[in-house]
Amino acid sequence: MRPALIAWTLAAGLVATGCGTHRMAARAPVVEAPTPRGVIHVVRRGQTLWRIARTYGVPLEDIARANHLDDPRRLAAGQKLLIPGATRVLEVPPAQPASPAEPGPLVKDGWSWPLDGPLSSRFGVRRAHGRHQGIDITAPAGTAVRAARSGRVTFAGRRGRYGRLVVIEHAGGFSSWYAHNQSLAVHRGQEVERGQVIARSGQSGNATGPHLHFEIRRQGRPIDPSLLLP
């Protein structure tokens, strides 16, 4: 073979090798992002988010946030829920039929108003996003917001239309929610006493003026706070 032809053949081979290497690099596998830590629980008929959270020992608010649940009361059989932090799937007992003994009569003892001020909106008033799930108490920005009952803080931070929110878990399946705050004075996991300052009122989130949006929930379901407040 003549020298010129040999040189042309070698050059063509090098070019082909380079192109082949380029094509192989372009086909490198894509690494998928890791899934969140936890387990998937499949909801069965009669199970409530409150019972699921209690069985797994995970705050109800954490499960609702991890699954983007706007209304924790609405669960469907077969629905899949991520239980953050859980390591195995547990059997959750279904809710018992409603009776006077469960969850027990409302008792006013131990509750107090979170701050003093006129009511600007009552429980159950129809709103654009649904019925009002709490009461609104008008107060100047920076007014001290106090725990309505002793308990443990299960959430302290920003949450959508609630703005800066504090959620306190109480005995008997109750929780209290304090929304639209200007600043927070507690953190998740902290034990608080009734009357302790937990935040300063404001108008964060979906609020047109400074006020406190206050909710009381019983096993995850909002109830009228006026039934318990003195």
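1. A convenient place to enter this structure is the pairing of Ile135, which stands opposite Phe214 in β13. The model is a predicted one, and the remarks below should be taken in that light. The strands concerned, β6 and β13, run antiparallel and are joined by four bridges. On β10, Tyr178 likewise stands opposite Phe214 in β13, and β10 and β13 pair in the antiparallel sense over six bridges.

2. As to confidence, the chain averages a pLDDT of 79, and 76% of the residues score at least 70. Over residues 4–34 the pLDDT is below 50, and this stretch has one contact in the model beyond near neighbours in sequence. Residues 97–104 also have a pLDDT below 50, although for this stretch the model has six contacts beyond near neighbours in sequence. Where pLDDT is low, the predicted coordinates should not be read in detail.

3. How much of β13 is buried? Eight of the eight residues of β13 are buried, so the strand is largely enclosed by the rest of the structure. Both of its faces are covered: one side carries His211, His213, Glu215 and Arg217, the other carries Leu212, Phe214, Ile216 and Arg218, and all of these are buried. It may be worth noting on inspection that the buried positions of β13 thus include Glu215, Arg217 and Arg218.

4. The largest nonpolar core has 23 residues, and those with the most contacts inside it are Ile168, Tyr178, Ile198 and Phe214. Two or more residues each come from β6 (135–138), β9 (163–170), β10 (174–184), β12 (197–201) and β13 (211–218), and β13 gives the most to this core, with three residues. For Ile198, leaving aside its neighbours within four places in sequence, the contacts are with Val145, Arg146, Ala147, Val166, Ile168, Tyr178, Leu184, Ala185, Val186 and Val192. Apart from this core lies another, of 16 residues, among them Val39, Leu49, Leu69 and Ile83.

5. A search of the whole structure finds three aromatic pairs, of which two are described here. The rings of Tyr162 and Trp177 have their centres 5.5 Å apart and their planes at 50°, so this pair is tilted. Tyr162 lies in the loop between β8 (151–159) and β9, whereas Trp177 lies in strand β10, so that the pair links distant parts of the chain, 15 residues apart. Tyr162 is buried, with a relative accessible area of 8%, and Trp177 counts as buried at 3% relative accessibility.

6. How are the rings of Tyr178 and Phe214 placed with respect to one another? Their centres are 5.2 Å apart and their planes are at 50°, so this pair too is tilted. Because Tyr178 lies in strand β10 and Phe214 in strand β13, the pair ties together parts that are 36 residues apart in sequence. Both Tyr178 and Phe214 are buried.

7. Each ring of the Tyr162 and Trp177 pair also has an arginine to consider. The charged end of Arg161 sits over the ring of Tyr162, 4.9 Å from its centre, while Arg217 lies over the face of Trp177, at 3.8 Å from the ring centre. In β14, the bridge partner of Arg217 is Pro222.

8. The pairing of β13 with β14 (221–223) is antiparallel, over three bridges, and the two strands form a hairpin with two residues between them. Gln219, in the turn, has a positive phi of about 55° although it is not a glycine. At 25% relative accessibility, Gln219 counts as partly exposed.

9. Helix α2 (residues 49–56) is mostly covered, with six of its eight residues buried, namely Leu49, Trp50, Arg51, Ile52, Ala53 and Tyr56. These buried residues pack against β1 (38–42), α3 (60–66) and β2 (80–84). The helix is followed by Gly57, whose phi is positive, near 70°.

10. A further backbone point concerns His68, in the loop between α3 and β2. His68 has a positive phi of about 55° although it is not a glycine, and at 70% relative accessibility it counts as exposed.

Note on methods. Residues are numbered from 1 along each chain as its sequence is written. This is a predicted model: local features need pLDDT of at least 70, side-chain atom pairs count only at pLDDT 80 or more; totals for chains, interfaces and linings use all residues. Side-chain values use heavy atoms; hydrogens and water are left out. A nonpolar core is a set of buried Ala, Val, Leu, Ile, Met, Phe, Trp, Tyr and Cys residues joined through side-chain atoms within 4.5 Å. Buried means under 20% relative accessible area, exposed over 50%, partly exposed in between (1.4 Å probe, protein chains only). Contact means heavy atoms within 4.5 Å. pLDDT is the predictor's confidence in each residue, from 0 to 100. Rings of Phe, Tyr and Trp (its six-membered ring) pair if their centres lie within 6.5 Å; planes under 30 degrees apart count as stacked, over 60 as edge-to-face and the rest as tilted. A charge sits over a ring if NZ of Lys or CZ of Arg is within 6 Å of the ring centre and within 35 degrees of the ring normal. Two strands pair if DSSP finds at least two bridges between them.
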